[in-house]
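Here are a few short exercises to work through with the model open beside you. Try each task before you read its solution.

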Amino acid sequence: MTASAQDRLIVALDMPTIEGARQLVATLGNTVSFYKVGLELLFAGGLDLARDLRRQGKRVFLDMKLLDIGNTVERAVANVAELDVTFLTVHGHDLKTLRAAVAGRGSANVKLLAVTVLTNLSADDLRQQGSSLAPADLVLRRAELAYAAGFDGVIASGQEAARIRAATGPKFLIVTPGIRLPGGTTDDQERVMTPDHAIMAGANHIVVGRPITQADDPKLAAETFIHHIREALAKADVPPSGPH
Ligand code: C5P
């Protein structure tokens with residue numbers, strides 16, 4: 001089943017309090033159907049919010065970026081699977097951790113997305129860690145590992161989406177943050193892409209935070225992003241986003 005333009009927009013609830021997040025969800029109403037809850041909100045009641053969002057029929061992306069020994073990751077994923085969320089992130093550094101996450105998911109519906117290389121890491125940062133690969137090459141290597149382990153997809157910038165799509169085929173999910181409207185501010189994002197370009201490069205979903213959460217009119221901003229996604233879908237031969 002191909003996801004609609006609305007399904008492809010994920011709004012990142014990056015805010016310090018659960019009250020602020022609930023207010024934003026109420027303001028966005030039926031315009032937005034998919035939310036990302038990250039580490040900031042996790043420690044301020046984010047899991048309760050995730051349950052509430054599920055009760056409201058919204059889909060939830062839990063951006064937990066798990067990384068630990070295989071046994072611990074496996075058990076953590078098994079517990080997250082009980083929450084009936086749509087996406088969960090795991091750091092995709094090695095095949096052992098990735099396979100443990102897949103084992104922990106079992107037959108649950110949660111889709112596992114690998115975080116490849118955090119976008120704030122430069123080639124110098126990677127060298128300090130002992131990797132001589134350029135960030136884009138390490139992203140691709142890790143995307144291939146995630147694919148081999150049975151992951152459903154990766155988080156990747158728009159710039160990396162086309163190479164990952166070419167290497168992994170049409171069914172692997174590419175979820176892309178760092179999205180800005182043409183002419184919009186970039187905030188602290190180094191490498192931004194418009195929603196149209198990200199979709200046309202192969203992204204299945206885009207993650208948008210501040211351009212919506214801090215807009216004067218968040219609902220109008222979300223509608224504008226959905227409009228751009230819809231236009232790109234009409235033009236592009238975009239792979240289906242998998243069943244939801
Ligand atoms: O506010 P903005 O649209 O830049 O937020 C993007 C969201 O995507 C944030 O939640 C951020 O943590 C997340 N993200 C990102 N870059 C990555 C992975 C996640 O910007 N590589």
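**Exercise 1.** Does K65 count as buried, partly exposed or exposed, and at what relative accessibility?

*Solution.* Before we start, note that this is a predicted model, where local features need pLDDT of at least 70, side-chain atom pairs count only at pLDDT 80 or more, and totals for chains, interfaces and linings use all residues. Residues are numbered from 1 along each chain as its sequence is written, and side-chain values use heavy atoms, with hydrogens and water left out.

Step 1: K65 counts as partly exposed because its relative accessibility is 29%. Buried means under 20% relative accessible area, exposed over 50%, and partly exposed in between, with a 1.4 Å probe and protein chains only.
Step 2: K65 belongs to strand 3 (residues 59-66); strands are DSSP runs of E with at least two residues, helices are runs of H or I with at least four, and both are numbered from the N terminus.
Step 3: Look at the backbone too, where K65 has a positive phi near 45 degrees without being a glycine.

**Exercise 2.** Find where D84 lies, and describe its phi.

*Solution.* Step 1: D84 is in the loop between helix 5 (70-81) and strand 4 (87-91).
Step 2: The phi of D84 is positive, about 60 degrees, although D84 is not a glycine.
Step 3: D84 counts as partly exposed, because its relative accessibility is 41%.

**Exercise 3.** Place T176 and find the backbone oxygen that its side chain reaches.

*Solution.* Step 1: T176 is part of strand 7 (residues 173-176).
Step 2: With 0% relative accessibility, T176 counts as buried.
Step 3: The T176 side chain reaches the backbone oxygen of A156 at 3.0 Å. This is a polar contact, a pair of N or O atoms within 3.5 Å; within protein, one must be able to donate a hydrogen and the other to accept it, and residues adjacent in sequence count only if both atoms are side-chain atoms.

**Exercise 4.** List polar atoms of D14, R180 and R210 that approach oxygen atoms of the ligand.

*Solution.* Step 1: In D14, a polar side-chain atom lies 2.7 Å from a ligand oxygen.
Step 2: In R180, an N or O atom of the side chain is 2.8 Å from an oxygen atom of the ligand.
Step 3: R210 uses its backbone, with a polar atom 2.7 Å from a ligand oxygen.

**Exercise 5.** Where does Q129 lie, and is Q129 buried or exposed?

*Solution.* Step 1: Go to the loop between helix 7 (123-128) and helix 8 (135-149), where Q129 lies.
Step 2: Q129 counts as exposed, because its relative accessibility is 55%.
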